[in-house]
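Biologist: Could you take me through one part of this model up close? I'd like a single residue and its surroundings, and after that whatever else helps me place it in the fold.

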Amino acid sequence: MNTKKNKLWIIIGIVLLNSIGMSIVLPLLPFIVGEYLPSQKIVVGMSVLMSVFAGCTFFASPVLGALSDRYGRKNILITSLLGSTIGYILFGIGGALWVLFLGRIIDGLTAGNISTLFAYISDSTKPEERAKWFGYIGAAMGIGKLGGPALGGLLGSINLALPVFLTAGLIFLSSLAVYFLLPESLTPEKRTKHLSIDSFNVFSHFKDIFSLKDIKSLLILGILFYAALGIFQFNFTIFLKDIYKWGPAVIGTMLTLVGICEIISRAFLLPWLLKHFSERNIGITGLIVFGIGLALIIASIYLHSVVIISLAVIFIISGEGLFDPTYNGKLSRSINENKQGKLQGVNQSLQSANNMLVPLIAAAIYFYSPSILYAIATFIILGAVIIYTKLLPTQDLHKA
């Protein structure tokens with residue numbers, strides 16, 4: 001195995017550790033927040049907590065991305081991972097609701113790990129290889145989700161803080177792996193030469209990236225997809241708790257299915273499809289499959305069935321597994337190396353804006369009607385399919 005592939009697999013290993021840690025905590029969030037709020041306010045508390053984190057990430061990600069274009073990916077990645085470690089330690093200590101918020105704020109303000117990892121992959125691969133490696137990143141996340149939720153449910157039944165501290169330890173281990181094992185991917189000659197005041201202004205990064213017409217259309221497509229995905233991600237554990245009356249262990253088992261689907265769709269199905277079909281057609285198919293899964297969730301509200309809700313998860317995660325890597329591959333080919341960090345930072349910032357607004361809006365709609373919430377998500381995906389098929393060019397975008 002050559003040096004380039006070695007460092008890419010190190011990246012995959014780091015993603016795996018992070019995914020295990022975060023998925024351990026996920027099924028416990030309603031119960032951790034429930035220690036500080038009455039049951040009828042848990043969904044609101046979770047939504048506000050996630051929105052605060054997303055708001056911090058919105059402002060921090062493009063700046064961290066631009067800094068990685070100037071100073072390299074490695075230093076920013078270490079900073080981000082250490083910030084997450086501190087954030088989870090505070091979240092585990094808890095004791096008051098404001099401590100939980102402080103932990104998420106610190107994590108959010110240093111949240112550049114995803115955009116930096118994607119920029120690292122873009123630095124280290126040929127354009128035609130990126131969708132495959134982005135798929136492997138998703139598969140690593142799936143492996144983490146395979147055992148993480150079940151472990152989190154088991155440990156959480158002993159002590160709710162225990163899985164949170166384990167997550168902090170795994171993320172700290174990731175930072176050590178970056179420091180000792182991962183070489184820098186962005187050589188000095190490819191880096192941005194100067195920083196200005198605008199480099200620390202999130203909106204200047206948005207203006208720069210959105211001035212590129214074809215990239216703007218692609219980013220709008222991403223906004224729609226991640227909005228619908230956010231409705232599922234931020235609502236699903238509450239949905240299972242309220243509609244199906246499941247506890248942490250059963251919810252953790254259902255989330256394990258998410259991990260299985262991510263592994264199969266991204267590590268096995270996607271590479272095979274890339275050999276036979278265009279990334280564009282795979283992406284469109286992924287969106288359609290994703291939309292079918294959302295429709296099945298609506299059906300599961302009226303026909304309580306483990307089979308239907310399981311099929312919904314399979315379709316949603318498989319559709320995501322086909323669309324997300326091909327979308328990110330197309331996005332990474334749209335711009336030169338010295339702006340990859342800025343582009344990925346803006347992309348993550350847009351997702352953070354979704355994550356900031358979607359939980360709040362979704363919580364309000366969920367109180368009124370869960371079925372209407374998932375119907376809206378289904379129509380959002382329909383809009384994304386129309387944009388992809390009608391507005392985006394069939395060929396790769398020209399580098400800007």
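**A close look at Lys 245**

Modeller: Let's start with Lys 245, which counts as exposed because its relative accessibility is 69%, over the 50% cut-off. Keep in mind that this is a predicted model. Lys 245 sits in the loop that joins α10 (213-243) to α11 (248-274). The backbone there is worth a look too: phi of Lys 245 is near 60 degrees, a positive value in a residue other than glycine.

Now for the setting. The chain has 15 helices and zero strands. Its radius of gyration is 20 Å, close to the 21 Å that the globule rule gives for 400 residues, so the chain is as compact as a globular protein of that length. If you want a feel for the dimensions, the C-alpha atoms fill a box of roughly 55 × 45 × 40 Å along the principal axes. Of the 400 residues, 58% count as buried, whereas Lys 245 is exposed. As for the accessible surface, the chain has about 16,000 Å² of it, and 70% of that belongs to carbon and sulfur atoms. Lys 245 carries one of the charges you'd tally: the chain has 29 positive and 18 negative side chains, and the centres of those two sets lie 2 Å apart.

For a contrast with that loop, go to Glu 279, which lies in helix α12 (residues 279-302). Glu 279 has a relative accessible area of 16%, so it falls under the 20% cut-off and is buried. Leaving out residues up to four places away in sequence, Glu 279 touches Ala 131, Leu 274, Thr 326, Lys 330, Arg 333 and Tyr 388. Two of those names lead somewhere. Leu 274 is the end residue of α11 (248-274), the helix that follows the Lys 245 loop. Tyr 388 belongs to an aromatic cluster, together with Phe 225, Tyr 226, Phe 290, Phe 323 and Tyr 327.

While we're on rings, the structure holds 16 aromatic pairs. Take Phe 58 and Phe 59: their ring centres are 5.0 Å apart and their planes stand at 90 degrees, so the pair is edge-to-face. Phe 58 counts as buried at 12% relative accessibility, while Phe 59 is partly exposed at 46%.

Ile 76 gives you another buried spot, with a relative accessible area of 10%. This residue is part of helix α4 (residues 73-93). Beyond its neighbours up to four places away in sequence, Ile 76 touches Leu 64, Leu 67, Ser 68 and Thr 116. Ile 76 and Leu 64 are twelve residues apart along the chain, with 6.8 Å between their C-alpha atoms.

Leu 166, in helix α8 (residues 161-181), is a halfway case: at 33% relative accessibility it counts as partly exposed. Once neighbours within four places in sequence are set aside, Leu 166 is in contact with Ile 24, Leu 151 and Leu 155. Its C-alpha atom is 15 Å from that of Gly 103, a residue 63 places away in sequence.

Finally, a word on how contacts spread along the chain. Among those between residues at least 6 apart in sequence, 85% join residues at least 24 apart. And back where we began, Lys 245 is the exposed loop residue with the positive phi.

Key
Residues are numbered from 1 along each chain as its sequence is written. This is a predicted model: local features need pLDDT of at least 70, side-chain atom pairs count only at pLDDT 80 or more; totals for chains, interfaces and linings use all residues. Side-chain values use heavy atoms; hydrogens and water are left out. Helices (H or I, at least four residues) and strands (E, at least two) are DSSP runs, numbered from the N terminus. The radius of gyration is taken over C-alpha atoms; the globule rule is 2.2 Å times the number of residues to the power 0.38. Buried means under 20% relative accessible area, exposed over 50%, partly exposed in between (1.4 Å probe, protein chains only). Contact means heavy atoms within 4.5 Å. Accessible areas come from the Shrake-Rupley method with a 1.4 Å probe; for residues, only the protein chains shown count as cover. Lys and Arg count as positive and Asp and Glu as negative; His and the chain ends are not counted. The place of a charge is taken as NZ of Lys, CZ of Arg, CG of Asp or CD of Glu. Rings of Phe, Tyr and Trp (its six-membered ring) pair if their centres lie within 6.5 Å; planes under 30 degrees apart count as stacked, over 60 as edge-to-face and the rest as tilted.
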